[in-house]
Amino acid sequence: MEAYNVRGSETRTAIDLVCLGFVAGLVLLGIARPSRIPGQPEVERGLLVAGALYAAASASTRLMRDGIVPTWTLTAGVTLLLSYLYHAVAPFQHVLVRGWLDGLLLSWESSLTGTECTLALQRIACTGLTEWMMFAYVVYVPLLPVTALLCYRTGGPAAAREFLLALAVTNLFSFSLFLVLPIAGPLFYQPGAYTVPLAGGFFTRCADMLHASAHYPGGSLPSPHCASTTVMLVMLYRHNRKAFYVALPTLLSIYASTVYGRYHYVWDSVAGILAALAMIRACPMVQIWTGHCEHFLRSALFASRRRRDNLERFASGRPWRPSQ
């Protein structure tokens, strides 16, 4: 297993495979169930364009000498594609399951705890706490590429790619679960239930703008914020211990901010953490499988070229070369 972790080609190929494979899966699902996807032709075209742009960016990194430029290019490609796919998956949420499952989740939580966490947190809401929570929620966005560069600084390109693979696998697994467990989210399902407004300053306004422009009903279980935060925590601890301790208070606050800010139910956040831990454990297997696939494809391509060469030799009367 370690042999695949240290070799860059398998990790880079694994990132490409999971990203482009997810895009292809959504395209095929759209073709199979076009009537259940609003604006299906436009959605399909957008996915194809996004996949092509990512493939071009990834291919360009293979032409560069390994270093900061290809690492930054791949980081930008992965984070931008994941951001796009988070929104692109929205029309697919009711392809498999009709309606929202919030009512079922809330009734289960109420029977288990006697309350609902986002409502209970209204009792401690205050301006200072709200501003810190919203800072943590908003700073999550730039922390994703920054974490890749922090891993690169101490562990080189291999560490950055390890982070990007875990980030991609975790987020794409989370997006897949959106289709199986469609949860609208607290602010969309029960907006009238909150009697205490979340008042703050600059970062609270930024969070409000982010919610208004980027959030949509769904995309909740598991929480991508909590899933990606877990990936950042694990990878920083593994590759840049000093940055881990500096970022730890902010990263832990991101977990709390998803529930305090009413963006996720507490179970969304728990599911995000568990999904990330499971996918991080699965990444070495993804690398190994990718390595086998890459070896098979290269062997098949080499054999095809040799057969073509032998046919040309036979046609020209030159000696035939054995396959071994």
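This report describes the nonpolar cores, one buried threonine, helix H10 and the salt bridges of a predicted model.

**Nonpolar cores**

The largest nonpolar core has 60 residues, among which Leu47, Leu85 and Phe163 touch the most other members. At least two residues of this core come from each of helix H2 (8-32), helix H3 (40-62), helix H4 (68-88), helix H7 (127-180), helix H10 (224-239), helix H11 (241-260) and helix H12 (266-316), and H7 gives the most, with 19 residues. Leucine 85 illustrates the packing: when residues up to four places away in sequence are not counted, leucine 85 touches Phe22, Val23, Leu26, Leu47, Leu172 and Phe175. A second core, separate from the largest one, holds 9 residues, including Met134, Val138, Ala207 and Tyr263. As a general background, nonpolar side chains in soluble globular proteins tend to be buried together.

**Threonine 79 and helix H10**

Threonine 79, which is placed in helix H4, has a relative accessible area of 17% and is therefore buried, the cut-off being under 20%. Apart from neighbours within four places in sequence, threonine 79 is in contact with Leu144 and Leu167.

Helix H10 consists of 16 residues and spans 22 Å from its first C-alpha to its last, close to the 22 Å expected at 1.5 Å a residue. H10 is mostly covered, since 13 of its 16 residues are buried.

**Salt bridges**

The structure holds 4 salt bridges, and the table lists some of them, with the distance between the closest N and O atoms.

| Basic residue | Acidic residue | Closest N and O atoms |
|---|---|---|
| Arginine 45 | Glutamate 42 | 3.6 Å |
| Arginine 161 | Aspartate 66 | 3.2 Å |
| Arginine 238 | Glutamate 162 | 2.5 Å |

Arginine 45 and glutamate 42 both belong to helix H3, where they are 3 residues apart, about one turn of the helix. In an α-helix there are 3.6 residues a turn, so residues three or four places apart point the same way.

Arginine 161 is in helix H7 and aspartate 66 is in the loop between H3 and H4, so this pair ties together parts that lie 95 residues apart in sequence. Arginine 161 counts as buried at 8% relative accessibility, whereas aspartate 66, with a relative accessible area of 42%, is partly exposed.

Arginine 238 lies in helix H10 and glutamate 162 in helix H7, so their salt bridge ties together parts that are 76 residues apart in sequence. Arginine 238 counts as partly exposed at 43% relative accessibility, and glutamate 162 counts as partly exposed at 22%.

Technical notes:
Residues numbered from 1 in each chain as written. Predicted model: local features only at pLDDT ≥ 70, side-chain atom pairs only at ≥ 80, totals over all residues. Heavy atoms only, no water. Core = buried A, V, L, I, M, F, W, Y, C linked by side-chain atoms within 4.5 Å. Buried < 20%, exposed > 50% of the residue type's maximum accessible area, 1.4 Å probe, protein only. Helix = DSSP H or I, 4+ residues; strand = E, 2+ residues; numbered from the N terminus. Contact = heavy atoms within 4.5 Å. Expected span 1.5 Å × (residues − 1). Salt bridge = Lys/Arg side-chain N within 4 Å of Asp/Glu carboxyl O.
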